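Colleague: Could you take me through one helix and the sheet around it, slowly please? I would like to see how the pieces fit together.

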Amino acid sequence: MSGAAFNGGKVELLSDTLARAKAEDRAALIAYLPAGFPTVDGGIEAVKAAFDGGADIVEVGLPHSDPVLDGPVIQTADDIALRGGVKIADVMRTVREAFEATGKPVLVMTYWNPIDRYGIERFTAELAEAGGAGCILPDLPVQESAVWREHADKHGLATVFVVAPSSKDERLATITRAGSGFVYAASLMGVTGTRESVGEQAADLVRRTRATTELPVCVGLGVSNAEQAAEVASFADGVIVGSAFVKRLLDAADEAAGLAAVRELAGELARGVRRLS
């Protein structure tokens, strides 16, 4: 097992990165960017730009034709990537090149269906070989995850599950027992105009989740600027930002401008998570 983990995935790198942020008395900054957007090469450069700007960890999205948990910005990016013909091999290449260039933890965020079709052993072996740290699986029920977790463990990959404000305490304990790396706390009720109540909801979810686990709890909350990053960093172990990065790329006049915008936003957010509340 230790040999497989050593030669394969980078779950320890992920854990060490989160522990280092905690030791620095700050939250980790986790960026999300879809593979293949705006192109495969452009997506790889965007991940590198996010790291360059100050992200500690990057989640690489595996574009899906029906991303039910994603908002319109990420849906648009996924659509562009799929029309460009992005494949799982391109996702693996994105992970590999980003990890080799930075030495920092890279995860894949994906719905379950593409992995199921591709094959669990094949997917986990290739992700580990690419230097991936693990997978975030928002729609895989914990009670159906045993085979996935067995293969992920064998290859030294974290399995990150998602909890939501609607999750009851007993359910939270079941989910966090099965997970590794960190827990993704999603405030799915986050809509414009309800920032304060959503922030309270997320803080409550983090508190309830921490009561069940020693794993770091990282929050995806529609954070788009340094002030919001500082707010979430005051109660969470990590701040996850996706749509704001993708929107910078969508709004950019060209690829160079998009990369500069990603780097700039990562820098702003990195300063936000370091701000003492």
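Modeller: Happy to! Contact here means heavy atoms within 4.5 Å. Helices (H or I, at least four residues) and strands (E, at least two) are DSSP runs, numbered from the N terminus. This is a predicted model, where local features need pLDDT of at least 70 and side-chain atom pairs count only at pLDDT 80 or more, while totals for chains, interfaces and linings use all residues. Residues are numbered from 1 along each chain as its sequence is written, and side-chain values use heavy atoms, with hydrogens and water left out.

Let's start with helix 2, residues 11–23. At 1.5 Å a residue (times one less than the number of residues), its 13 residues should span 18 Å, and the end C-alpha atoms are indeed 18 Å apart. Its buried residues (under 20% relative accessible area, 1.4 Å probe, protein chains only) are V11, L14, T17, L18 and A21. These cover an arc of only 130° around the axis, judged by the directions from the axis to the C-beta atoms, which puts them on the same side of helix 2. An α-helix has 3.6 residues a turn, so residues three or four places apart point the same way.

What do those buried residues pack against? Their partners are strand 1 (28–34), strand 2 (57–61), strand 3 (106–109), strand 5 (158–160) and strand 8 (217–220). Just past the helix, D25 has a positive phi of about 60°.

Now the sheet: it is open, with 9 strands in the order 5-4-3-2-1-9-8-7-6 and parallel pairing (at least two DSSP bridges between two strands). Strand 5 and strand 6 (162–163) sit at the edges with a single partner strand each, so one side of each lacks a neighbour in the sheet.

Technical notes: Buried means under 20% relative accessible area, exposed over 50%, partly exposed in between (1.4 Å probe, protein chains only).
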